[in-house]
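Colleague: Please take a close look at a single part of this model, preferably one strand. I would like to know what it pairs with, which charged contacts lie around it, and how it relates to the nonpolar interior.

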Amino acid sequence: MTQLKNHVPSIAAGDLYVFDVDIDIAIEWLVVREHPDNPDWILLVPVDDCFLYEAPDLVLPESVGRLMIARVGQADWFPKSITKSLRVGTIPDDAITLVKRRLADLARGRKITPTSADFDPEYEDHMHMVEKARLTLLGRAGAN
């Protein structure tokens, strides 16, 4: 009888993961790319389905199959080892390209047109929870 070895799937741009970060919203984490100087690190962008969004958020195209909004302003670098959590799917290349463009716009300081000039406290509360999830995940990644 042949024993199966533990197979760790490769990590690729477009993969979606979930992590337990003790918050009351559902967030998936999109792998955007490997770090250019350290292949042991990946850039993750939180993605959710909350209908509220502003600049620099990005509503992903219909090709992803459901409402998904990339919270591009909350992108951060994480060690690949963090992806031991649940991989829940992938998104298509056209959506990854749009996320990369939005990240480039932010990195280069290009103006992103806001969706409204009004302050929305519900959006601010949601983004506070997304940021809390990112910071919690960063803390756990540093503990590994």
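Modeller: Two strands are taken as paired if DSSP finds at least two bridges between them. With that criterion, β2 and β3 form a hairpin, and six residues lie between the two strands. I will use β2 as the part to examine.

First, the confidence. The model is predicted, with a mean pLDDT of 87 for the protein chain, and 89% of the residues reach 70 or more. The stretch to set aside is residues 1–8, where the pLDDT is below 50 and the model shows zero contacts beyond near neighbours in sequence.

β2 covers residues 28–34, and five of these seven residues are buried. One pairing of β2 is with β1 (residues 15–18), in the antiparallel sense and over two bridges. In this pairing, Y17 has W29 of β2 as its bridge partner. Another pairing is with β3 (residues 41–48), again antiparallel, this time over six bridges. Here L30 has V45 of β3 as its bridge partner.

The hairpin partner carries the sheet further. β3 is mostly covered, with seven of eight residues buried. Besides its bridges to β2, β3 is joined by four bridges to β6 (residues 76–79), running antiparallel. The bridge partner of L44 in β6 is D76. β3 also has two bridges to β5, antiparallel as well, and in β5 the bridge partner of V47 is A70.

Next, the charged side chains. β2 itself contributes E28, whose side chain meets that of R66 in a salt bridge with an N to O distance of 2.9 Å. R66 sits in the loop between β4 (58–59) and β5 (69–70) while E28 belongs to β2, so this salt bridge ties together parts 38 residues apart in sequence. The two partners differ in exposure. E28 has a relative accessible area of 15% and is therefore buried, the cut-off being under 20%. R66 counts as partly exposed because its relative accessibility is 42%, between that cut-off and the 50% above which a residue is exposed.

The loop leading into β2 from β1 has a charged contact too. D22 and R140 form a salt bridge through their side chains, at 3.9 Å from N to O. D22 lies in the loop between β1 and β2, whereas R140 lies in helix α2 (residues 121–143), and the two are 118 residues apart. D22 counts as exposed because its relative accessibility is 61%, and R140 is partly exposed at 35%. The structure holds nine salt bridges.

One that does not involve β2 is D105 with R110, with the closest N and O atoms 2.6 Å apart. D105 is partly exposed at a relative accessible area of 21%, as is R110 at 44%. Elsewhere, salt bridges with shared partners join D48, D57 and R71 into one network.

Finally, the nonpolar interior. As background, nonpolar side chains in soluble globular proteins tend to be buried together. The largest nonpolar core here has 19 residues, and the members touching the most other members are F19, W29, L44, I82 and L137. Each of β2, β3 and α2 supplies at least two residues of this core. The helix α2 gives the most, with six residues. L137 illustrates how the helix meets the rest: leaving aside neighbours within four places in sequence, L137 is in contact with F19, V21, W29, F78 and I82. Apart from this core lies another of 17 residues, whose members include L30, I91, I96 and V99.

This brings the account back to the strand. In a regular strand the side chains alternate between the two faces of the sheet. In the present case W29 belongs to the largest nonpolar core, while L30 belongs to the other one. W29 is also the bridge partner of Y17, and L30 that of V45 in β3. In summary, β2 pairs with β1 and with β3, carries the buried E28, and supplies at least two residues to the largest core.

Notes:
Residues numbered from 1 in each chain as written. Predicted model: local features only at pLDDT ≥ 70, side-chain atom pairs only at ≥ 80, totals over all residues. Heavy atoms only, no water. pLDDT = per-residue confidence, 0-100. Contact = heavy atoms within 4.5 Å. Buried < 20%, exposed > 50% of the residue type's maximum accessible area, 1.4 Å probe, protein only. Salt bridge = Lys/Arg side-chain N within 4 Å of Asp/Glu carboxyl O. Core = buried A, V, L, I, M, F, W, Y, C linked by side-chain atoms within 4.5 Å.
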